[in-house]
Amino acid sequence: MTKLTKNDLSNLNAFCTVERLRSFTHAANELGITSSALSHAIKNLEERLGVKLLNRTSRTVAPTDAGTNLARRLAVGFKEIGLALDDVNRYRDRPFGKLRLSVLTDSARLILGKYVHHYLAKYPDVQLEISVNDQMVDIVAEGFDAGIRFGGTVPEDFVAAKLGDELKWVTVASPKYLFKRPELKVPEDLLHHTCIRLRSGRGEVFKWDFSRGDDHRVIEVQSNICVNETALSIELSLAGVGITYCLEDIVKKHLLSGELVTVLPDWCTIDPPMYLYYPGHRQVPQGLIELISTLREELSLHRDMNNNVY
């Protein structure tokens, strides 16, 4: 029987990660090392075993027959190791380890930016890594433990935990922009204004939804400017460039200060809340349930404080 060293175990884990993700770049990101270090580890493993495990080209990575067999058998072994460590972790009084999240820009600012420090204070042994990306990321393929998205965009077959209340979309502009410009009474009046269009993570340009009672309208605004980040669209509105369509909570402080005002205040859209979601077929990562609980608690406290303001 081959005697295993510490480096062997590390390299075998690295090999399994590459074989599972079929990508050196993605595997390196998940392992928290450079691609060159990962490539060196696989090379050392192949040299030590005297067998080629992976076929690599500039675009693809695929296991050899030997690599496929080794990965299959190692998966069983590493699963047992993981379960054994989980049993040991039950004796700890708090979670630890790395937790990787993929979140939208809006959820990063509205939820994590405001409340995640409470979680980190409670669970200092958790290493939280947050990737902010408005693209629709496959969190399983990219090696994330969980994601945060709008309720209507959470993929099927995931466990989804609601964070906060429903979301209100509004149109806002600066008093500087609105001065001496045509008055807006109905959503169609936006077609005569400069509207800062927003391109979504899926690539399409948002259409602006409006509702008032049972009346629902969708406006495809036109202008000479389009951005792919809400924060930039708000900055442009603050500078007097035009009208922005965004979540009310994101611009609340600008509305309170008078830097921005709500356009068409009788027209808005209410959408489902944000959700944190994660694969249901995997064991829940260390610290994830505690993160959900902390965020829900802080969001509830924030809502109660707002309700008590007279």
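Is W208 buried or exposed? Select this residue to begin, bearing in mind that the model on your screen is a predicted one. W208 has a relative accessibility of 1%, and it therefore counts as buried.

Keep W208 displayed and add Y245, whose ring centre lies 5.2 Å from that of W208, with the two planes at 15 degrees, so that the pair is stacked. If you colour by secondary structure, you will find W208 in strand 9 (residues 208-212) and Y245 in strand 12 (residues 244-247), so the pair ties together parts of the chain that are 37 residues apart in sequence. Y245 is buried as well, since its relative accessible area is 9% and the cut-off for that class is under 20%.

Now widen the selection to F150, W169 and F210, because ring pairs, counted when ring centres lie within 6.5 Å, link these residues with W208 and Y245 into a cluster. A search of the whole structure finds 6 aromatic pairs. One of them is formed by F150 and W169, which are 5.9 Å apart from centre to centre and have 50 degrees between their planes, an arrangement classed as tilted. This pair links distant parts of the chain, with F150 in strand 5 (residues 146-150) and W169 in strand 7 (residues 167-173), 19 residues apart. Both F150 and W169 are buried.

For a contact of another kind, select R100 together with F144: R100 lies over the face of the F144 ring, at 4.4 Å from the ring centre.

Next, turn to T5, which lies in the segment before helix 1 (6-21). T5 has a relative accessible area of 39% and is partly exposed. To see how T5 stands in relation to E248, draw a C-alpha to C-alpha distance between the two residues, which comes to 56 Å in space for a separation of 243 residues in sequence.

From T5, move on to helix 1 and show it with helix 2 (residues 24-31), where the two pack at an angle of about 130 degrees with their axes 8 Å apart. That angle makes helix 1 oblique to helix 2, and helix 1 passes helix 2 in a right-handed crossing. To look at the contact itself, display the side chains on both helices: N13, A14, T17, V18, R20 and L21 in helix 1 meet F24, H26, A27, E30 and L31 in helix 2.

Terms used
Residues numbered from 1 in each chain as written. Predicted model: local features only at pLDDT ≥ 70, side-chain atom pairs only at ≥ 80, totals over all residues. Heavy atoms only, no water. Phe/Tyr/Trp six-rings, centres within 6.5 Å; stacked < 30°, edge-to-face > 60°. Helix = DSSP H or I, 4+ residues; strand = E, 2+ residues; numbered from the N terminus. Buried < 20%, exposed > 50% of the residue type's maximum accessible area, 1.4 Å probe, protein only. Lys NZ or Arg CZ within 6 Å of the ring centre and 35° of its normal. Axes fitted to C-alpha atoms, helices over the stretch in contact; angles between N-to-C directions. Parallel < 35°, antiparallel > 145°, perpendicular 65-115°, else oblique. Left-handed = near helix turned anticlockwise from the far one by under 90°. Contact = heavy atoms within 4.5 Å.
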